[in-house]
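I opened my notebook to look up a few spots in this protein, one at a time. Here is what I wrote down as I went.

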Amino acid sequence: MKKKIVSVLLSAVMAVSAVMIPQNSCNITYAEEMSEVENSDHWMSEKKPYQYTDVTEYLAGQEKYFAIGGTSYDEGYVFYLWNAARTSQVLYNLKGEYDNFSFNVGHVDNTSMYTADLKIYLDGELTETIHLTPSDISKRVSIDVSGVKQLKIKMTSEEELNHYDITYGVYNGSFIKNTYVAEEIPLSNIVGNKEPYQTDGENTGVVRSKDKESFFMAGDEYTDCMKMYLWNPARSSRVYFNFGGDYESVTFLFGHIDNTTRVPATLSIELDGETVQTITREADDLPTPVTVPLEGVHQMVLSLSSDVALNNYDIYYGLGAIQLKSLGFVKGVTLDQENVTLAKENPSFKLHATIIPNDANNKNIIWSSDNEAVAKVDENGLVTAVSKGTAVITATTEEGEYKAACTVTVDMSVLGDIDENGSIDSSDALMVLKFMVKLQTPTEAQKEAADVDHNGNLDSADSLLILKYMVKLIESF
């Protein structure tokens, strides 16, 4: 009789608990409430979605779990529909590198008991629909993704609109990779080459690697490129370039920036006042390659717009892998340093010159020093200290004679130049002899400069070497 009473009380408690579960939120049960926990095999580390829409991601090591059929999982993702009018989806950028993707899908414990459909899209085409019911706890799905670039898995429902919190989870996924390797995305070359002279609109402009800035499109990271932003569709986002008729073309990838407001947008390309291209992309689309011919073009204006309702905010699209191709003419040169000080610890350094544009045909540089008694430079830009003082090192392009300069300050004792007059001559040899017979006391800097044989002593051997250097019997100490 006691057992029967206890059983009735437990049933009553469970019924009350079920009524108390909120019906206007996604209730995910965590591991400490589970009778069984399945250890992750880290399948999400192989390939995970690049964009989630009303989907919760679970990664191993985060101590966050969802439960299906009484077992909790720490890796996978959970689709959630507030009601049947909503959409819940993930996007993968497979790049054609996989043959198969399989996974288990099931109803998440202690959530609303409604049905749903899992729709599989391969490169934008609906190829399969899997019907899901609350009784599904381990339905295995296998997808042939051979040659597929983009995989979209979307959950919808045919339930009544007043049926809320429809929740299903994906776990125990597995990818089979093929031997194909997608081409690497090229780096942008506009930064330091030909950047916009004007931008209109907040959060619109160049994203720079030196500032540790970047964004993602379809899971790939881009930097040294362009970001365009609309606070809402009534605003503007424009970028202005002056190409001066010196470029052949520009290519780039135009796409939606991951995990930002999912609305379509249009990029308009205007050359010297005339609109020549308009490209409209949906947020789910992979970035699209764009090529713009530029021969004879002076001004290019890029404009981002959207036709969606005004209550859509924070619209982000990007231009990545920007490749500017010139006509090959040299238009300038820059150096990686403008001021350098040389001392005993660093008596030489190399200057690096960058010709503008970086794809110019003639990349020859002529190096020179305006004071070789202080610092010399060789044909490769290697600068070497000679004596104390200041020199200006100049890089001049062979084509066009464009120039860039670096000021070099030498603050060190130069071997042999004991009197620090910028030359090595008989007066230096005489000073060594004076030090040797104690007619004159050397400073520490003079000791370093006088010990040309590096034996730690100041003697006649040092004086003789200086004289040999002066008459060019030896080239160095």
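**Entry 1: Met217.** Before anything else, I noted that this is a predicted model. I began with Met217, and it is buried, because its relative accessible area is 0% and anything under 20% counts as buried. It sits in strand S16, which covers residues 215-217. Next I looked up what surrounds it. Leaving out residues up to four places away in sequence, Met217 touches Tyr222, Leu253, Gly255, His256, Ile257, Asp258, Pro287, Gly318 and Gly320. I also checked a pair that is far apart along the chain: Met217 and Leu319 are 102 residues apart, yet their C-alpha atoms are separated by 9.3 Å.

**Entry 2: His256.** One of the contacts of Met217 is His256, so I went there next. His256 belongs to strand S20, residues 247-256. Is His256 buried or exposed? It counts as buried, because its relative accessibility is 4%. Then I asked myself which side chain makes a polar contact with that of His256. It is the side chain of Thr260, at 3.0 Å. A polar atom of the His256 side chain also lies 3.0 Å from the backbone oxygen of Thr261. Among the residues His256 touches, again skipping those up to four places away in sequence, are Gln51, Phe216, Met217, Arg262 and Tyr316.

**Entry 3: the nonpolar cores.** How many residues does the largest nonpolar core have? I found 42, and those with the most contacts inside it are Phe252, Phe254, Ile269, Val292, Leu294, Met300 and Leu302. Strand S25 (residues 315-326) gives the most to this core, with seven residues. There is also a second, separate core of 32 residues, including Trp43, Tyr52, Leu151 and Val170. Back in the largest core, I picked Met300 for a closer look. Not counting residues up to four places away in sequence, Met300 touches Val239, Tyr240, Phe241, Phe243, Val250, Ile269, Glu270, Leu271, Val292 and Leu294.

**Entry 4: a nonpolar patch outside.** After the cores I turned to the surface. Leu430, Leu433, Met436, Val437 and Leu439 form a nonpolar patch there, with about 460 Å² of accessible area together. I looked up Leu430 on its own: it lies in helix H2, residues 426-436. Leu430 counts as partly exposed, because its relative accessibility is 45%, and partly exposed runs between 20% and 50%.

**Entry 5: backbone oddities in loops.** Last, I looked through some loops. Lys438 is in the loop between H2 and helix H3 (444-450). Its phi is near 65°, a positive value in a residue other than glycine. Lys438 counts as exposed, because its relative accessibility is 71%.

Asn110 has a positive phi as well, about 60°, although it is not a glycine. I found Asn110 in the loop between strand S8 (98-107) and strand S9 (116-122). With a relative accessible area of 44%, Asn110 is partly exposed.

Where does Pro357 lie? I traced it to the loop between strand S29 (353-356) and strand S30 (365-369). The peptide bond leading into it from Ile356 is cis, with omega near -5°.

Note on methods
Residues numbered from 1 in each chain as written. Predicted model: local features only at pLDDT ≥ 70, side-chain atom pairs only at ≥ 80, totals over all residues. Heavy atoms only, no water. Patch = residues over 30% accessible without salt bridge, like charges linked within 9 Å, V, L, I, M, F, W, Y side chains within 5 Å. Areas by Shrake-Rupley, 256 points an atom, 1.4 Å probe, with all protein chains shown as cover. Salt bridge = Lys/Arg side-chain N within 4 Å of Asp/Glu carboxyl O. Helix = DSSP H or I, 4+ residues; strand = E, 2+ residues; numbered from the N terminus. Buried < 20%, exposed > 50% of the residue type's maximum accessible area, 1.4 Å probe, protein only. Contact = heavy atoms within 4.5 Å. Polar contact = N/O pair within 3.5 Å; in protein donor to acceptor, adjacent residues only side chain to side chain. Core = buried A, V, L, I, M, F, W, Y, C linked by side-chain atoms within 4.5 Å.
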